[in-house]
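Let's take a look at how charged side chains pair up in a protein. Have the sequence and the 3D view ready.

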Amino acid sequence: MRIISGKHKGRHLQAPKKLPVRPTTDMAKEALFNILNNTYYIEDIILLDLFAGTGNISFEFASRGATQLTAVDANYGCVKYIDKISDELELNINTIKSDVFSFLENVKQKSTIIFADPPYDLSIEDFTKIPEMVFSNELLLNDGVLIIEHSKHTDLSSLKNFANQRRYGGSVFSFFEANSK
């Protein structure tokens, strides 16, 4: 796993092998940030990283200057690893060990970008819950976006608030916005 740009550009990070994760590929992450850089000033965004895993996405945002970052994961090892790297690189990432769905029921903080990278084998019902909970609880700021990373075998295009999707290899980013469908 590599930080692509920003203060820690080129830094390779090695997550412990025992973590139950599938980090976003460098190619897909670079493409995602090319899209986001055309819409947002990364330094100004408030990020909520759900199913944060290794913290790959949070580290990239932090390296590029974002300072309001929250990473949520249910796995203690993942949260511990994100805290360790965040301390080593002097990044300001707030970690929360929680089931994502329980977290979404109770969180009040609004975000500019909510990025969710659940396990690819998550049921379609659980995939559906993510945008439902984000929009029913009004967790996005104006012009905010929910991005869900999923397998090319999962189709989220019929869900309410779906705006578009981008495919990179076996991964797809589905974008959801308040003013879509």
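Glu60 has a relative accessibility of 0%, so with the cut-off for buried set at under 20%, it counts as buried. Keep in mind that this is a predicted model.

What does Glu60 pair with? One partner is Lys29, with which Glu60 forms a salt bridge. That pair ties together distant parts of the chain: Glu60 belongs to helix H2 (residues 56-63) and Lys29 to helix H1 (residues 26-37), with their positions 31 residues apart in the count. Lys29 is buried, just as Glu60 is.

Glu60 also makes a salt bridge with Arg64. Arg64 has a relative accessible area of 15%, so it falls under the 20% limit and is buried too.

Now for a pair in another helix. Lys129 forms a salt bridge with Asp126. The two sit three residues apart in helix H5 (residues 124-136), so about one helical turn separates them. Lys129 is partly exposed, because its relative accessibility is 36%, which lies between the 20% and 50% limits.

Here are these three pairs with their closest N and O atoms:

| Salt bridge | Closest N and O atoms |
|---|---|
| Glu60 and Lys29 | 3.4 Å apart |
| Glu60 and Arg64 | 2.7 Å apart |
| Lys129 and Asp126 | 3.2 Å apart |

Why do such pairs turn up at all? Side chains of opposite charge can pair when their charged atoms come close.

How many salt bridges does the structure hold? The number is seven. Some share partners, and in that way Arg22, Asp117 and Glu149 are joined into one network.

Technical notes:
Residues numbered from 1 in each chain as written. Predicted model: local features only at pLDDT ≥ 70, side-chain atom pairs only at ≥ 80, totals over all residues. Heavy atoms only, no water. Salt bridge = Lys/Arg side-chain N within 4 Å of Asp/Glu carboxyl O. Helix = DSSP H or I, 4+ residues; strand = E, 2+ residues; numbered from the N terminus. Buried < 20%, exposed > 50% of the residue type's maximum accessible area, 1.4 Å probe, protein only.
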